[in-house]
Amino acid sequence: MKLIFIGPPGAGKGTQAERICKEYNTVQLSTGDLFRLNRKLGTELGKKAQSYMGGGNLVPDEIVIGMLNDEIIKPEYANGYILDGFPRTVKQAEALDKLLEELGDNLDGVLVLSVPADELIKRLTARRTCRSCNRSYHIIYNPPKVEGICDFDNGELYQRDDDQEEAIKNRLNVYEAQTKPLIDFYQNEDKVMMINGVGEIDDIYSSIKSVLDKIGNHK
Ligand code: AP5
C-alpha cells in the first residue's frame, strides 16, 4: 500500500507508522528522520535543513522535494510505503502527484490523525527520541523499559531541539497555515480517512487497522 500520514506535530504519526510497518510488512519514509540523519552525518543537506528545523519552520519546498524524489525510487520502497511528514505544503503535494504519475503509481489513501493543541504540547514536551533508530517515547504515556535507553537497540534517548515550547508553538502554527489545507487537497481526490488521534496508542492503532483492512479488501 502507498499511504500518506498527515497530522500535526506530536499527533502520533511516527508511533503508529512503526506499528503499521511491522504488521503490514511495509516501510516508513519520514522526511523529518531523513533530515535528522543528514544532520548527524554532517552533510550539506543536513546543515541547510537545521537552520529551518530548530525553530520549527518548514525546510523550503525545493530542498524537500529533491530529497524525496531521490529517496522514493530506491528499491526498498518498490512494494509500498507510508509517507510520514511529506507532503506538508500544497506545492509538495502537487510535486508528489507528478512524480507518482511519472512512475505509474497511485496513492491508496491519506490518513489524517487529529489531536487538539493542548494534548500535542503535553506529548511533545515530554517526548524522548532514540539517537540511532529515531523511535519515539514519552516519559509518562509511553516510557522505555530503562530510563534514557531505547528498548529496541539500546540507543541513547534525547530531547529534540524542536521539542522546546517556543518551537512547538511555531510548528503548530505552521501546520495550521501550510499543512492543514492538504486535507482539502486530498478530499478532492477522495482519498482522506480521518482518525481520532486521542486515546490509548493501542486503540488508535485498532482504528487505523480497520481503515487499512478496508482499503486492502478493495484492492
Ligand atoms: P518531523 O520529524 O516530521 O516532525 P513532526 O511532523 O513535527 O512530527 P513529530 O515527529 O513531532 O510527531 P509525530 O506525529 O510523529 O508524533 P510521535 O509519534 O513522535 O519534522 C521535523 C521538522 O523537519 C519540521 O518541523 C521541518 O522543519 C522539517 N521537515 C520534515 N518534513 C518536511 C517537509 N515535508 N517539508 C518541509 N520541512 C519538513 O508522538 C509524539 C509523542 O507523543 C511521543 O512522545 C509519543 O510517545 C507520544 N504519543 C504518541 N501517541 C500517543 C497517544 N495516543 N497518547 C499519548 N501519547 C502519545
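Analyst: A polar contact is a pair of N or O atoms within 3.5 Å; within protein, one of them must be able to donate a hydrogen and the other to accept it, and residues adjacent in sequence count only if both atoms are side-chain atoms. The model is predicted, so local features need pLDDT of at least 70 and side-chain atom pairs count only at pLDDT 80 or more, while totals for chains, interfaces and linings use all residues. Residues are numbered from 1 along each chain as its sequence is written, and side-chain values use heavy atoms, with hydrogens and water left out.

User: How much of the accessible area that the ligand has on its own does the protein cover?
Analyst: Three side chains place polar atoms beside the ligand: T15 at 2.5 Å from one of its oxygen atoms, R36 at 2.7 Å from an oxygen atom, and Q92 at 2.9 Å from a nitrogen atom. Of the 1,000 Å² that the ligand has on its own (Shrake-Rupley method, 1.4 Å probe), the part covered by the protein is 97%.

User: Which element gives the most residues to the shell around the ligand?
Analyst: The shell has 35 residues, with T15, N57, R88, Y137 and R171 coming nearest; a residue is near a molecule if one of its heavy atoms lies within 4 Å of it. These residues divide into 14 nonpolar, 13 polar and 8 charged. Elements are DSSP runs numbered from the N terminus, with helices (H or I) of at least four residues and strands (E) of at least two. With 4 residues, the element that gives the most to the shell is α2.

User: Which residue follows α2 and has a positive phi?
Analyst: Within α2, the residues T31, G32, L34, F35, R36 and N38 are buried, where buried means under 20% relative accessible area, exposed over 50%, and partly exposed in between (1.4 Å probe, protein chains only). Their cover includes β2 (28–30), α3, α4, β3 and β7 (157–158). After the helix comes a residue with phi near 70 degrees, namely G42.

User: Which element gives the largest share of the largest nonpolar core?
Analyst: A nonpolar core is a set of buried Ala, Val, Leu, Ile, Met, Phe, Trp, Tyr and Cys residues joined through side-chain atoms within 4.5 Å. The largest one has 31 residues, and those with the most contacts inside it are I4, I6, F35, L68, L83, L96 and Y186. Several elements give two or more residues to this core, among them β1 (2–6), α2 (31–41), α4 (61–72) and α8 (181–187). The largest share, 6 residues, comes from α4.

User: How far apart in space are the C-alpha atoms of K2 and G80?
Analyst: K2 lies in strand β1 and counts as buried because its relative accessible area is 14%. Beyond four places in sequence, K2 touches residues including A78, G80, Y81 and D105, with contact meaning heavy atoms within 4.5 Å. K2 and G80 are 78 residues apart in sequence, but from C-alpha to C-alpha the separation is 4.9 Å.

User: What distance separates the C-alpha atoms of T26 and E119?
Analyst: T26 sits in the loop between α1 and β2, and it is buried because its relative accessible area is 18%. Leaving out residues up to four places away in sequence, T26 touches M1, I20, C21, G80, Y81 and I82. E119 is 93 residues from T26 along the chain, and the distance between their C-alpha atoms is 29 Å.

Technical notes. Nonpolar A, V, L, I, M, F, W, Y, C, P; charged D, E, K, R; others polar.
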